[in-house]
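Let's take a walk through this fold, one piece at a time. Keep the viewer open and rotate along as you read.

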Amino acid sequence: MRVSDAEIAAALMRLARARGPCNSFCPSEAARALGPDWRPLMPEVRRVAASLPLKATQKGRAVDPTTARGPIRFSLKEEAAD
């Protein structure tokens, strides 16, 4: 299954805007929204998220979504919520 960067970005931003800057979501939520075979999409979701106005955190600390290992969360950067 091939999903474009634009489709991934749209799914990520849709979730981020729905949650707002005060609430986070798991990258797998975006991947699951893109198709039933979502696990192979996880590296692409993280890569695309790094280029968007999203904040990635792990245990409450900011991380680079492309290099962080283990579970992370995304939230909308406050300046992007306006």
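What follows goes from the sheet to the helices and the core, and ends with a few single residues.

Keep in mind that this is a predicted model. A good place to begin is the sheet. It is open and made of three strands, arranged in the order β2-β1-β3, with antiparallel pairing. The outer positions go to β2 (61-62) and β3 (73-76); each has a single partner strand, so one side of each is left without a neighbour in the sheet. As a reminder of what holds such an arrangement together, strands of a sheet pair through backbone hydrogen bonds, either parallel or antiparallel. Here, β1, which covers residues 54-58, pairs with β3 over four bridges in the antiparallel sense. If you want a spot to zoom in on, pick A56: its bridge partner in β3 is F74. Hold on to F74, as we'll come back to that residue.

Now for the helices, starting with α1. This helix has 15 residues and spans 21 Å from its first C-alpha to its last, close to the 21 Å expected at 1.5 Å a residue. Its buried residues are I8, A9, A11, L12, M13, L15 and A16. What lies over them? The cover for the buried residues of α1 includes α2, α3, β1 and β3. Just after the helix comes G20, with a positive phi near 80°.

Move along to α2, where the buried residues are P27, S28, A30, A31 and L34. Looking down the axis of α2, you find these buried residues within an arc of 155°, so they line one face of the helix. The partners they pack against are α1, α3 and β3.

That brings us to the core. In soluble globular proteins, nonpolar side chains tend to be buried together. In this model, the largest nonpolar core has 25 residues, and the ones that touch the most other members are I8, L12, V45, L52, L54 and F74. Contributions of at least two residues each come from α1 (5-19), α2 (27-34), α3 (42-49), β1 and β3. The largest share is that of α1, with seven residues. To see how the pieces meet, centre the view on V45. Leaving out residues up to four places away in sequence, V45 touches I8, L12, P27, A30, A31 and F74. Of these, I8 and L12 are among the buried residues of α1, while P27, A30 and A31 are among those of α2.

Back to F74, as promised. How many aromatic pairs does the structure hold? There is one, formed by F25 and F74: the rings are tilted, with 6.0 Å centre to centre and 55° between the planes. F25 sits in the loop between α1 and α2, whereas F74 belongs to strand β3, so the pair ties together parts that are 49 residues apart in sequence. Both of these phenylalanines are buried.

Right next door on β3 is S75, which is buried at a relative accessible area of 6%. Setting aside neighbours within four places in sequence, S75 is in contact with P21, N23, S24, P53, L54 and K55.

The last name on that list, K55, takes us across to strand β1. Is K55 buried or exposed? It falls in between: at 38% relative accessibility, K55 counts as partly exposed. Beyond residues up to four places away in sequence, K55 touches R73, F74, S75 and K77. You can also check its C-alpha against that of E78: the two are 9.1 Å apart, with their positions 23 residues apart along the chain.

Two loop residues round off the tour. K59 lies in the loop between β1 and β2 and is exposed, with a relative accessible area of 85%. Its phi is near 55°, a positive value in a residue other than glycine. T66, in turn, belongs to the loop between β2 and β3 and counts as partly exposed at 43% relative accessibility. Not counting residues up to four places away in sequence, T66 touches R46, R47 and A50. Its C-alpha is separated by 8.6 Å from that of A49, which is 17 residues away along the chain.

Terms used. Residues are numbered from 1 along each chain as its sequence is written. This is a predicted model: local features need pLDDT of at least 70, side-chain atom pairs count only at pLDDT 80 or more; totals for chains, interfaces and linings use all residues. Side-chain values use heavy atoms; hydrogens and water are left out. Two strands pair if DSSP finds at least two bridges between them. A nonpolar core is a set of buried Ala, Val, Leu, Ile, Met, Phe, Trp, Tyr and Cys residues joined through side-chain atoms within 4.5 Å. Buried means under 20% relative accessible area, exposed over 50%, partly exposed in between (1.4 Å probe, protein chains only). Contact means heavy atoms within 4.5 Å. The expected span of a helix is 1.5 Å times one less than its number of residues. Rings of Phe, Tyr and Trp (its six-membered ring) pair if their centres lie within 6.5 Å; planes under 30 degrees apart count as stacked, over 60 as edge-to-face and the rest as tilted. The arc is that of the directions from the helix axis to the C-beta atoms.
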